[in-house]
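Work through the exercises below with the sequence and the model side by side. Each has a task and a worked solution.

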Amino acid sequence: MAAAADDDELRRRAAALREVFGDSSDSEADDLPVGGAGREQWRWEAVEGVRGLWLCAAFLSADEQSRLLTAIRREGWFSDARNQAMRFGDLPSWAVELSVLIHEAICFGDVRVGCGLELKNEDEDACPLPSDLLWRKPLFDQMIANRYEPGEGICAHVDLMRFDDGIAIVSLESPCVMHFSRAEQEVPICETLESVHAEPTKIPVYLNPGSLVLMSGDARYLWKHEINRKPGAQQWGGRELEQQIRTSITLRKLLPSPN
């Protein structure tokens with residue numbers, strides 16, 4: 001009965017997602033999920049070398065990306081030279097429905113781990129998010145929307161400990177490469193990109209428009225992540241990526257305040 005109720009809730013929220021991103025008359029409306037139907041593109045890959053780091057490259061279709069960007073622009077956050085907006089607690093309706101879509105992608109997507117082996121994510125070890133995080137209520141209650149001009153990125157850091165395990169990042173517009181490197185200590189670290197240090201081993205992850213990254217466990221606490229978009233720094237497949245405006249949505253869950 002509980003499983004059926006959960007399925008009914010997912011279907012209800014998927015219908016709400018259509019309302020946020022477009023109605024059934026739209027050409028791509030059938031791409032929006034109801035119980036995972038029509039979502040063959042949801043394929044999860046475990047990033048080798050970083051335990052707890054998962055990538056869903058085709059999380060959002062091109063049409064869904066366009067609708068999401070329209071919803072973000074309607075907020076008016078990025079006017080007056082502002083490039084970041086934070087929300088806590090009550091998130092915009094489209095962000096709530098984006099969280100639902102992330103939940104569905106985890107529940108219904110295919111998982112690829114090692115040597116191209118594909119599994120349905122019924123196995124806890126093969127799930128992009130541990131079950132205790134996947135079924136928490138709400139899944140996320142804090143959001144950051146960022147707009148990056150060409151050349152702007154993020155310094156190497158571990159997210160603040162005020163946030164729970166399980167962090168999602170949705171990438172829109174310009175592609176980029178995010179690098180992961182071992183944290184020196186389990187506290188937030190932020191070094192300027194100009195700092196000169198012995199270069200640590202970095203694991204690159206290509207974030208195409210519409211991709212979703214999930215970080216939990218080691219990836220969330222023991223690895224720093226950064227995006228260096230200075231000239232010459234964004235290399236993938238033997239070529240330099242052309243840098244344009246990039247928008248990202250980060251979703252997190254606040255830890256309860258200590259008594």
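**Exercise 1.** Locate Arg-51 in this predicted model, and decide whether Arg-51 is buried or exposed.

Solution. Start with the chain: Arg-51 sits in the loop that runs between strand 1 (43-46) and strand 2 (53-56). Next, take its relative accessibility, which is 64%. The cut-off for exposed is over 50%, so Arg-51 counts as exposed. Then look for partners beyond four places in sequence: Arg-51 is in contact with Ser-216, Asp-218 and Ala-219. Finally, check a C-alpha distance: Arg-51 and Trp-223 are 172 residues apart along the chain, and their C-alpha atoms are separated by 9.5 Å.

**Exercise 2.** Do the same for Arg-252: find its element, its burial class and its contacts.

Solution. Arg-252 belongs to strand 15, which covers residues 246-252. Its relative accessibility is 7%. Buried means under 20%, so Arg-252 counts as buried. Leaving out neighbours within four places in sequence, the contacts of Arg-252 are Phe-140, Asp-141, Gln-142, Ile-144, Asp-159, Phe-163 and Ile-167. For Ile-167, also take the backbone: its C-alpha lies 5.1 Å from that of Arg-252, with the two positions 85 residues apart along the chain.

**Exercise 3.** How many residues of helix 3 are buried, and which are they?

Solution. First fix the limits: helix 3 spans residues 93-108. Helix 3 has 16 residues and reaches 22 Å from its first C-alpha to its last, close to the 22 Å expected at 1.5 Å a residue. Then count: twelve of the 16 residues are buried, and helix 3 is mostly covered. The buried residues are Trp-94, Ala-95, Glu-97, Leu-98, Ser-99, Val-100, Leu-101, Ile-102, His-103, Glu-104, Ala-105 and Ile-106. Take Leu-98 as one of them: its relative accessible area is 0%. The C-alpha of Leu-98 is 9.5 Å from that of Val-170, and the two residues are 72 apart along the chain.

**Exercise 4.** Describe helix 2 by its length, its buried residues and the residue just after it.

Solution. Helix 2 takes in residues 62-74, 13 residues in total. From first C-alpha to last it reaches 19 Å, close to the expected 18 Å. Its buried residues are Glu-64, Gln-65, Arg-67, Leu-68, Leu-69, Ala-71 and Ile-72. To read such a list, recall that an α-helix has 3.6 residues a turn, so residues three or four places apart point the same way. Just past the end of helix 2, Gly-76 has a positive phi of about 70°.

**Exercise 5.** Which two residues are joined by a cis peptide bond, and what is the phi of Glu-173?

Solution. For the peptide bond, inspect omega: the bond between Lys-137 and Pro-138 is cis, with omega about -10°. Pro-138 is in the loop between helix 4 (131-134) and strand 6 (142-148). For Glu-173, phi is near 65°, a positive value in a residue other than glycine. Glu-173 is part of strand 8 (residues 167-173). With a relative accessible area of 26%, Glu-173 is partly exposed.

**Exercise 6.** What is the volume of the largest pocket, and which residues lie nearest its centre?

Solution. The largest pocket holds about 520 Å³ of space. Its lining has 30 residues, with Gln-84, Ile-144, Asn-146, Ile-154 and His-157 nearest the centre. Sort the lining by element: strand 3 (84-88), strand 6, strand 7 (154-157), strand 8 and strand 15 each give two or more residues. Sort it again by class: 16 residues are nonpolar, eight polar and six charged.

**Exercise 7.** Where does pLDDT stay under 50?

Solution. Begin with the average: the protein has a mean pLDDT of 82, and 73% of the residues score at least 70. Residues 23-38 stay under 50, and the model gives them 32 contacts beyond four places in sequence. Residues 185-196 are also below 50, with 29 contacts beyond near neighbours in sequence. Where pLDDT is low, the predicted coordinates should not be read in detail.

Note on methods. Residues are numbered from 1 along each chain as its sequence is written. This is a predicted model: local features need pLDDT of at least 70, side-chain atom pairs count only at pLDDT 80 or more; totals for chains, interfaces and linings use all residues. Side-chain values use heavy atoms; hydrogens and water are left out. Helices (H or I, at least four residues) and strands (E, at least two) are DSSP runs, numbered from the N terminus. The expected span of a helix is 1.5 Å times one less than its number of residues. Buried means under 20% relative accessible area, exposed over 50%, partly exposed in between (1.4 Å probe, protein chains only). On a 1 Å grid over the protein atoms alone, a cavity is a set of points where a 1.4 Å probe fits but cannot get out, and a pocket is an open set with protein on both sides within 12 Å along at least five of seven lines; lining residues have an atom within 4 Å of a point. Grid points are joined across faces, edges and corners, and a volume is the space filled by probe spheres set on the points. Ala, Val, Leu, Ile, Met, Phe, Trp, Tyr, Cys and Pro count as nonpolar, Asp, Glu, Lys and Arg as charged, and the others, Gly among them, as polar. pLDDT is the predictor's confidence in each residue, from 0 to 100. Contact means heavy atoms within 4.5 Å.
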